[in-house]
Amino acid sequence: MSSHGKSKAAAIRTSLTVAIVLAVLTIGEYFLALVYSGAALLLLMGLVKAYFVVNFFMHISRLWTVEKGH
Amino acid sequence: MAALVGRAEQYAVALRNNRMGLWLFFLSEVFLFGGLLATRFYLWGPTRPEANQLIGLLITVVLLISSVSMNLAETAMEHGDRRTFMNGLVVTALLGMVFFFGVLIFEWGLFPSIYEGHLTPSGDKYGAVVFAMTGMHAIHVLSGVAFIAIVWNLGRKGHFSKEEHWGVEACAIYWHYVDLVWIFFYPAIYLIGTVHHG
């Protein structure tokens, strides 16, 4: 267990799940753009991807959690 | 024992301050990249330059995979696995360089023998904006690779531990920020709008 309270296997599982979600959304954007050229939907998909990166890769929640070091 | 507890508390306070400082830095960068995005929508409107979408997708996927390898490297250090941490950094830096050269070759057309690009920074509003957006982003990719090299070298010398690895965390978060910017630049350059045939 790390000091962030997750086992290594669980952390890797989360990483890979997020990666799959990001890959699906990215490829989805590509195919969506073949039939749709508007900004709204494509930027919305970007916002969803940004949520996953900021939350799971950049660990924004650590800003307001109290830890004793790492 | 009291000294050890005192040191741990000091580290925890420094860690909170460091994290806040890094996020404030990112906030300042939002204005830079947000300004570039606004420029794109103001100047191009509902159009975009003719660009190879498959290449755009490929370099985007390369950057996405580099974010995963960086996350795995950080996770490895959080669990004291130095070997995976070091390997993860090398893979991330290599993928970062692949992305960088992908931009130079396919977006900037710097190597016409490999790929003939048609955009120039002073050619028209499409070239100017593409070069400004990808150039500013590429500088961040390069500085991210330099950051990774520094952290890798420190890791090689035995710095960082399961308990104390702020440098690793900062490097990882910076790299993901570079990826985050591209999440919005990719559709803005390659996907949104109808193609303008110049």
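**A tour of two helices and a pocket**

In chain B, helices α3(B) and α5(B) run roughly parallel to each other, because angles under 35 degrees count as roughly parallel and the axes of these two cross at roughly 30°. Please keep in mind that this is a predicted model.

**First stop: the helix pair.** Select residues 82–107 of chain B for α3(B), then add residues 166–191 of chain B for α5(B). The two axes come within 13 Å, and their crossing is left-handed. Now show the side chains where the helices meet. On α3(B), pick Phe85(B), Thr92(B), Gly96(B), Phe99(B) and Glu107(B); on α5(B), pick Val168(B), Trp175(B), Trp182(B) and Tyr190(B). Colour this contact by residue class and you will find six nonpolar residues, two polar and one charged.

**Second stop: the second largest pocket.** Keep α5(B) selected, since you will want it here too. Which helix gives the most to the lining of the second largest pocket? It is α5(B), with five residues. Next, bring in α1 (2–44) of chain B and α2 (39–57) of chain A, which, like α5(B), each supply at least two residues of the lining.

To see the lining itself, select Leu47(A) and Ala50(A) from chain A. Then add Val30(B), Phe33(B), Gly34(B), Leu37(B), Tyr177(B), Leu180(B), Val181(B), Phe184(B) and Phe185(B) from chain B. The space in this pocket comes to about 190 Å³.

**Last look: the character of the lining.** How many of the lining residues are nonpolar, polar and charged? Ten are nonpolar, one is polar and none is charged.

Conventions
Residues numbered from 1 in each chain as written. Chains lettered and ligands numbered in written order. Predicted model: local features only at pLDDT ≥ 70, side-chain atom pairs only at ≥ 80, totals over all residues. Heavy atoms only, no water. 1 Å grid on protein atoms, 1.4 Å probe; cavity = no way out; pocket = protein on both sides within 12 Å on 5 of 7 lines; lining within 4 Å. Points joined across faces, edges and corners; volume = space filled by probe spheres on them. Helix = DSSP H or I, 4+ residues; strand = E, 2+ residues; numbered from the N terminus. Nonpolar A, V, L, I, M, F, W, Y, C, P; charged D, E, K, R; others polar. Axes fitted to C-alpha atoms, helices over the stretch in contact; angles between N-to-C directions. Parallel < 35°, antiparallel > 145°, perpendicular 65-115°, else oblique. Left-handed = near helix turned anticlockwise from the far one by under 90°. Contact = heavy atoms within 4.5 Å.
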